[in-house]
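Me: I should like to understand on what grounds certain terms are applied to a structure. May I put some questions about the one shown here?

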There are 2 protein chains.
Amino acid sequence: MQGSKRPTINDIARESGFSKTAVSFAFNDPSRISEKTCQIIRETAERLGYLPDPMARNFSLRRHLSIGFLLPQMVQYSLQNPYTIQVIQGIGTVCENHGYTLTLIPPLHKSITEAVRNATVDGLITMGMTVDMDIVSVMQTRLLPYVTIDGAPDESMPSINIQDEQASYELMNLVLESGHRDIVVVALSSDAFAKEGQSDRVPYKRMQGFRRAFAEHNLELSDQDILISECTLEDGRSIGKEILQREHRPTCVVTMSDIVAIGCIQACRDAHVQVPADLSVVGFDNIDEAACIIPALTTISQPAKEKGRLAAEALFRILNKEELTSAHMEIPYTLIRRDSLSIHQS
Amino acid sequence: MQGSKRPTINDIARESGFSKTAVSFAFNDPSRISEKTCQIIRETAERLGYLPDPMARNFSLRRHLSIGFLLPQMVQYSLQNPYTIQVIQGIGTVCENHGYTLTLIPPLHKSITEAVRNATVDGLITMGMTVDMDIVSVMQTRLLPYVTIDGAPDESMPSINIQDEQASYELMNLVLESGHRDIVVVALSSDAFAKEGQSDRVPYKRMQGFRRAFAEHNLELSDQDILISECTLEDGRSIGKEILQREHRPTCVVTMSDIVAIGCIQACRDAHVQVPADLSVVGFDNIDEAACIIPALTTISQPAKEKGRLAAEALFRILNKEELTSAHMEIPYTLIRRDSLSIHQS
DNA sequence: CTGAAAGCGCTTACAG
DNA sequence: CTGAAAGCGCTTACAG
């Protein structure tokens, strides 16, 4: 009866004796045809195993019914970071409410630009983006709406951020007030999108906050006390190992991400170094694990799910041609004091 | 120069003085045209801000370059379960390697069938599916390839599973050997896909394993000692609370999911009941958290990421018209003994 | 209520 | 090397 090919609207039209128009209406707007016609068409469709092709339909309607999330790292690392997962949760929930799917977009053949060029979505959400990036111009020429989380706010780029400089300042201030002076900072690497170091990027802003706290204590952060880590558990662990091997061991490690901080703590465990007795470690993000790990992390709590939610809602507003109340949304953070930072007696 | 609409291949053809064919080749197969032509076309495209529409291209080529993952629960719950996230990780990594995106598909207007009907993907991966479900027939009439994880193996349905009956048997056996006799089982609910209770479903198989262990000890599992929980932390917690309120408190709670087990442990904490001193709790899955939580969970370790990986690889093999070596893949599990199960002295 | 026809933006077999 | 034209499977303004 049916070959290996799916029947199309043409087959149903021919077989049922009605026009393509009628068949289309039978599935999308039955009120436009008579009940009898609708019934015959549906029966014919059922008999031939016909279902309208959603891609053809979307193509015709110039829509995708999907929002894209550009993974900031390789899939493996992105989905290993609870912070990113929470962001995805927030985005996903909004998509669900709007009847959209959520497309996770990894770099295509190592190229993020290529991935954006090929993305079949109605809009994109990115993390840590600055205007100078190639992908921005691609999105713009494609007229693809986008919102960035933890990126550098720019006129042409709706964004969701916390006050990273201030949060980092408070975190470092707490460390200094706790008496620490031998401090190593583990900064986040410029991520995959970046063309070059950019002064408005999140890692930079956090570093600025750290420096401000140092300055207020009449201290200076020397370059050799700044290390760079990818935002992965593994890299955090190897950086931690590296720090423990220094001849002059610091009393506190200040990271820019809980996942890196936890990696450091694992390195300490491996080396039988007690945290925080021998070494304090502080994080950033306040992922769920930060509260569970022993010792529980002192960190900055930022509402990741909320970030995702806000980004997605802003994007849907753009898609619906609604006015954004504010293109640059800042949401509150909290300094969380727990056990991984000790008072240092000098 | 350009209106609010994107230029199409036609605009570039007209403006450059070449045909649509040539423009198409300039982007997809430059070897088919002269260098000069290619250059002129590319310059024209650059000038007008033209990028080929990926949806139109995919539509023409009858492909999507995306794999769909049907979320087994609402987004919020699915992405809250580390087991599911690991599965997604596995799938995502394979997609990345193949240059595909991964589309997360939530139920559409509460309807999973509707979601499958509209999914614009080249293939689908589902969790916990049985052949009798509506979505199976939809996928079949759509000729959409699919693979199911933790579903009921069937001739027409490639699947990835562990030996759930045997694993559960071993787990319950350990509980019984540890001296427990007052046991409450927290089973997983028939999930959202299910039409009705089905004997080949994973929760059913696990229950069979539990019963076999009981039978071998000349015991019987009474209905009142079987509770049902959604696979969420919250539901686990409220089930835990319920159990603690029973007049006759059991000595051990056997769950079918770590996330539920952890919920139970939280309920114990809330009620100041010591685990495992006052009550033992065992899980299933061995998510990362199972090792971190105090007490660390006794559980069944199943390689979730591997399940995702295998499912995706099988799907790509189907897409490439390759022969599947075996449609039903079983992978090994391990019984993990940790601290949440105590020896019970009677 | 119904249908013929143009259109969505590409690809590609075919002819020159 | 190049282009006219058919085709992918739908939607929908328009006319009857």
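Me: What makes β2(A) and strand β2 of chain B a pair?
Reply: In this predicted model, β2(A) and residues 101-105 of chain B, strand β2, are joined by three bridges in the antiparallel sense. Two strands pair if at least two bridges are found between them, and the three bridges here therefore qualify them as paired. Within this arrangement, L102(A) has L104(B) as its bridge partner.

Me: How many residues of chain A are in contact with chain B, and what makes a contact?
Reply: Contact requires C-beta atoms within 7 Å. For chain A, 41 residues are in contact with 41 residues of chain B. Elements of chain A that give two or more residues to this side include α4, α5 (75-78), α6 (82-98) and β2 (101-105). The largest share, seven residues, comes from α6(A). By class, this side of chain A has 22 nonpolar, 15 polar and four charged residues.

Me: Why are S19(A) and I9(B) counted among the residues around DNA strand C?
Reply: A residue is near a strand if its C-beta atom lies within 6 Å of it. S19(A) and I9(B) belong to the 24 residues around DNA strand C, so each satisfies that limit. Both are among those that come nearest, together with T37(A), S24(B) and A56(B).

Me: Which element supplies the largest share of the surface near DNA strand C?
Reply: The element is α4(B), with five residues. The residues of this surface divide into nine nonpolar, ten polar and five charged.

Definitions and conventions:
Residues numbered from 1 in each chain as written. Chains lettered and ligands numbered in written order. Predicted model: local features only at pLDDT ≥ 70, side-chain atom pairs only at ≥ 80, totals over all residues. Helix = DSSP H or I, 4+ residues; strand = E, 2+ residues; numbered from the N terminus. Nonpolar A, V, L, I, M, F, W, Y, C, P; charged D, E, K, R; others polar. Contact = placed C-beta atoms within 7 Å.
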